[in-house]
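Reader: I have just opened this structure and would like to be led through it with care. Could you take my questions in turn?

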Amino acid sequence: MKRTFSTLLSLCFAAGIVAQQHKADFFNHMDLGVTVSSTGIGLDVAMPVGDYVRVRTGFTYMPKFHVRSSFPIEFNNHNVDDARINRVSNNLYNMLGVHIDERVDMTMQPTWGNFRFLVDVMPFRNNKHWNLTIGFYAGPSQIGKAYNVTEDAPTLMAVGMFNNLYLRAYKGEPLMEYVDGNNVVYTFDLGGAGELASAFTESGMLGMPLGKFPDGDDAMMVPDKNCMARATMKVNKFRPYLGLGYTTSFSKDKKWKLAVDAGVMLWGGSPRVYVDNVYKTNFAKNGYDMVRFDPATKQFVETEPQTIDLIHDVSGVRGKVGDMVRVVKRFKCYPVVGVTISRTIF
């Protein structure tokens with residue numbers, strides 16, 4: 001890719017030198033245009049560099065739109081049956097007044113803005129309509145984000161509450177403490193014989209399964225401290241472009257022009273989709289998830305969640321999110337198709 005980019009760039013400069021040797025005019029007029037393309041809408045400025053080269057620059061912005069997807073809510077212990085899940089959900093509602101849905105809906109939207117610099121080379125001496133284009137797009141690395149819909153905020157809050165109770169039960173801590181300054185005024189334990197504690201610990205933690213790590217362990221996402229589920233999509237900030245274009249005028253004075261472009265924006269590999277608050281779990285093998293037993297201290301300790309890339313770190317993502325992951329993984333470049341209407345302003 002670097003060799004192709006360098007070769008085409010050299011051809012652009014060579015064409016400019018040839019035009020200068022033939023005493024062609026440089027920057028003798030400017031076209032101002034409006035662009036609609038697969039990268040969004042934007043403004044475009046074009047100026048000639050001799051008879052065979054044109055330079056274009058501008059900015060495109062992708063309007064906001066929303067696409068819905070969803071994650072299932074499951075226990076880390078895959079042996080838990082539906083009846084057990086319903087009991088836990090009903091008991092949690094009786095205790096805390098919140099209900100756990102079976103799925104969490106996510107809304108995805110683009111956050112994409114690009115500066116672009118393009119060089120058009122007209123290779124035909126007697127036909128200046130066609131051009132080869134080389135250049136680049138540049139912008140923030142984040143091009144999209146996803147977050148849970150408002151209607152599912154109570155479910156995520158309930159999941160967070162359950163996991164907090166699960167964590168306390170697993171570590172043998174009281175269910176609730178009321179603290180006044182440095183004094184514990186009231187403590188509510190999880191049952192003298194541990195029945196209530198067992199009711200929480202036998203099911204494992206609640207979360208949104210994301211697939212499996214290469215070693216076979218599960219990836220489980222839980223709500224963050226604000227009871228939210230989020231994801232971001234990122235690509236390289238610098239994105240080379242290769243394309244083909246056709247330009248024609250559609251007014252008698254030839255000041256109004258129509259240009260059509262088609263090409264590819266090179267991402268440098270598949271995009272990355274980052275998800276926070278993910279635990280590496282394997283309840284069937286050793287029962288660990290958000291807590292583990294530390295042999296050195298002989299105590300249960302809380303593990304730290306991690307950030308993973310759904311595209312490259314895990315496999316077997318299920319449901320609509322899995323469909324999205326499989327599609328995104330195939331796109332190592334982005335197709336660009338656009339139309340520009342411009343007018344010569346001088």
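Reader: Is Asp120 buried or exposed, and what is its relative accessible area?

Author: The model is a predicted one, in which local features need pLDDT of at least 70 and side-chain atom pairs count only at pLDDT 80 or more, while totals for chains, interfaces and linings use all residues. Residues are numbered from 1 along each chain as its sequence is written, and side-chain values use heavy atoms, with hydrogens and water left out. Burial is judged with a 1.4 Å probe and protein chains only, where buried means under 20% relative accessible area, exposed over 50%, and partly exposed in between. Because Asp120 falls under that limit, Asp120 counts as buried, with a relative accessible area of 0%.

Reader: Which residue in strand E3 forms a salt bridge with Asp120 at 3.0 Å?

Author: A salt bridge here is a side-chain nitrogen of Lys or Arg within 4 Å of a carboxyl oxygen of Asp or Glu, and strands (E, at least two residues) and helices (H or I, at least four) are DSSP runs numbered from the N terminus. The closest N and O atoms of the pair are 3.0 Å apart, and the link joins distant parts of the chain, from strand E3 to Asp120 in strand E7 (residues 113-121), over 66 residues. Both partners are buried, and the one in strand E3 is Arg54.

Reader: How many residues apart in sequence are Arg56 and Asp120?

Author: The side chains of Arg56 and Asp120 meet in a salt bridge with an N to O distance of 2.7 Å. Because Arg56 lies in strand E3 and Asp120 in strand E7, this pair ties together parts of the chain whose separation in sequence is 64 residues.

Reader: Which residues are linked with Arg54 in a network of salt bridges?

Author: By the rule above, the count for the structure comes to 13 salt bridges. Arg56, which is buried at 6% relative accessible area, belongs to the network that includes Arg54. The residues linked with Arg54 there are Arg56, Asp120 and Asp261.

Reader: In what order do the eight strands close into a barrel?

Author: Two strands pair if DSSP finds at least two bridges between them, and the pairing in this barrel is antiparallel. For instance, strand E1 (residues 31-37) and strand E2 (residues 40-48) pair over seven bridges, and eight bridges join E2 to strand E3 (residues 53-61). The order of the eight strands is E1-E2-E3-E7-E8-E15-E16-E21.

Reader: Which residue takes a positive phi in the hairpin of E2 and E3?

Author: E1 and E2 form a hairpin with two residues between them, whereas the hairpin of E2 and E3 has four residues between the strands. In the latter, the positive phi is near 85 degrees, and the residue that takes it is Gly50.

Reader: Which strand gives the most to the nonpolar patch on the surface?

Author: Patches are made of residues with over 30% relative accessible area and no salt bridge, with like charges joined within 9 Å and nonpolar side chains (Val, Leu, Ile, Met, Phe, Trp, Tyr) within 5 Å. Phe250, Trp256, Leu258, Val260, Val339 and Ile341 form the nonpolar patch, with about 500 Å² of accessible area together; Leu258 is partly exposed at 31%. Strands E16 (256-266) and E21 (333-344) each supply at least two of its residues, and the strand that gives the most, with three residues, is E16.

Terms used
Areas by Shrake-Rupley, 256 points an atom, 1.4 Å probe, with all protein chains shown as cover.
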